[in-house]
Amino acid sequence: SLETVQSTIAGWGDVSVFTSDGQKELLLRGTVEKARRQIGMFRVLLTVIAAIIMALILYALTLDKIHSIALLKLIGASNTVILGLILQQALVLGIVGYVVAYLMGSQLFPHFPRRVILAEGDLIQLAVVVVVISVGSSLMGIWKALHVSPNEALT
């Protein structure tokens, strides 16, 4: 009987006994779970690196516009207008990046050796992540713009 064979083999120290369902569970829990965690870690690293790169780009763009920002402050523009311009620039950069990535992905994914499925929920989640990264990345540029003195326009 199955139970007798399982109990006999389970008594051996160097082997294990699994049913078909147990083998499937072991495979899913082991190999597939490990690959899923590795891909998740890769996604997190890419997201953090993209956020850092975007923050540096926006900060550099803000530094290039320091004279213009100081001039806007000199003529009486409020900080909210200047911050809105920087935030708008960050959102446009993020949206353009999202659209380019989506278009390139939809053209390249059919040529991958494995099938890639883009679900609606994943695309919406990615769009939210892009907006959060865009807003978060603009904070360094906004901080710099807040500390610009209107007198810098005169120098």
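This report describes a predicted model of one protein chain, from its overall form to its salt bridges and largest pocket.

## Overall form

The chain has 155 residues, and 15% of them count as buried. Its secondary structure consists of five helices, with zero strands. Read from the N terminus, the order of elements is α-α-α-α-α.

The radius of gyration of the chain is 27 Å, whereas a compact globule of 155 residues would have a value near 15 Å. The C-alpha trace spans about 95 × 35 × 20 Å along its principal axes.

## Thr8 and helix α1

Helix α1 covers residues 2-10, and Thr8 is part of this helix. With a relative accessible area of 43%, Thr8 is partly exposed. This class applies because the value falls between the 20% limit for buried residues and the 50% limit for exposed ones.

A polar atom of the Thr8 side chain lies 2.8 Å from the backbone oxygen of Thr4. A second distance relates Thr8 to another part of the chain: its C-alpha atom and that of Gln107 are separated by 56 Å. Thr8 and Gln107 are 99 residues apart along the chain.

## Salt bridges in helix α2

The structure holds two salt bridges. One of them joins Arg36 to Glu33, with the closest N and O atoms 2.6 Å apart. Glu33 also forms a salt bridge with Arg37, where the closest N and O atoms are 3.9 Å apart. Glu33, Arg36 and Arg37 are thereby linked in a network of salt bridges.

The positions along the helix can be set beside these contacts. Arg36 and Glu33 are three residues apart in helix α2, so about one helical turn separates them. Glu33 and Arg37 are four residues apart in helix α2, which is also about one turn of the helix.

The accessibility of each residue in the network can be stated as well. Arg36 counts as exposed, at 54% relative accessibility. Arg37 is exposed too, with a relative accessible area of 52%. Glu33, the residue that takes part in both the bridge with Arg36 and the bridge with Arg37, is partly exposed, with a relative accessible area of 25%. The class of Arg37 follows from its value because exposed means over 50% relative accessible area.

## The largest pocket

The largest pocket contains about 1300 Å³ of space. It is lined by 31 residues, and those closest to its centre are Arg43, Leu46, Thr47, Ala101 and Leu126.

Helices α2 (20-64), α4 (79-108) and α5 (120-146) each supply at least two residues of the lining of this pocket. The most come from α2, which gives 10 residues. Helix α2 is also the helix that holds Glu33 and Arg37. By class, the lining has 23 nonpolar residues, six polar residues and two charged residues.

Note on methods: Residues are numbered from 1 along each chain as its sequence is written. This is a predicted model: local features need pLDDT of at least 70, side-chain atom pairs count only at pLDDT 80 or more; totals for chains, interfaces and linings use all residues. Side-chain values use heavy atoms; hydrogens and water are left out. On a 1 Å grid over the protein atoms alone, a cavity is a set of points where a 1.4 Å probe fits but cannot get out, and a pocket is an open set with protein on both sides within 12 Å along at least five of seven lines; lining residues have an atom within 4 Å of a point. Grid points are joined across faces, edges and corners, and a volume is the space filled by probe spheres set on the points. Ala, Val, Leu, Ile, Met, Phe, Trp, Tyr, Cys and Pro count as nonpolar, Asp, Glu, Lys and Arg as charged, and the others, Gly among them, as polar. Buried means under 20% relative accessible area, exposed over 50%, partly exposed in between (1.4 Å probe, protein chains only). A polar contact is a pair of N or O atoms within 3.5 Å; within protein, one must be able to donate a hydrogen and the other to accept it, and residues adjacent in sequence count only if both atoms are side-chain atoms. A salt bridge is a side-chain nitrogen of Lys or Arg within 4 Å of a carboxyl oxygen of Asp or Glu. The radius of gyration is taken over C-alpha atoms; the globule rule is 2.2 Å times the number of residues to the power 0.38.
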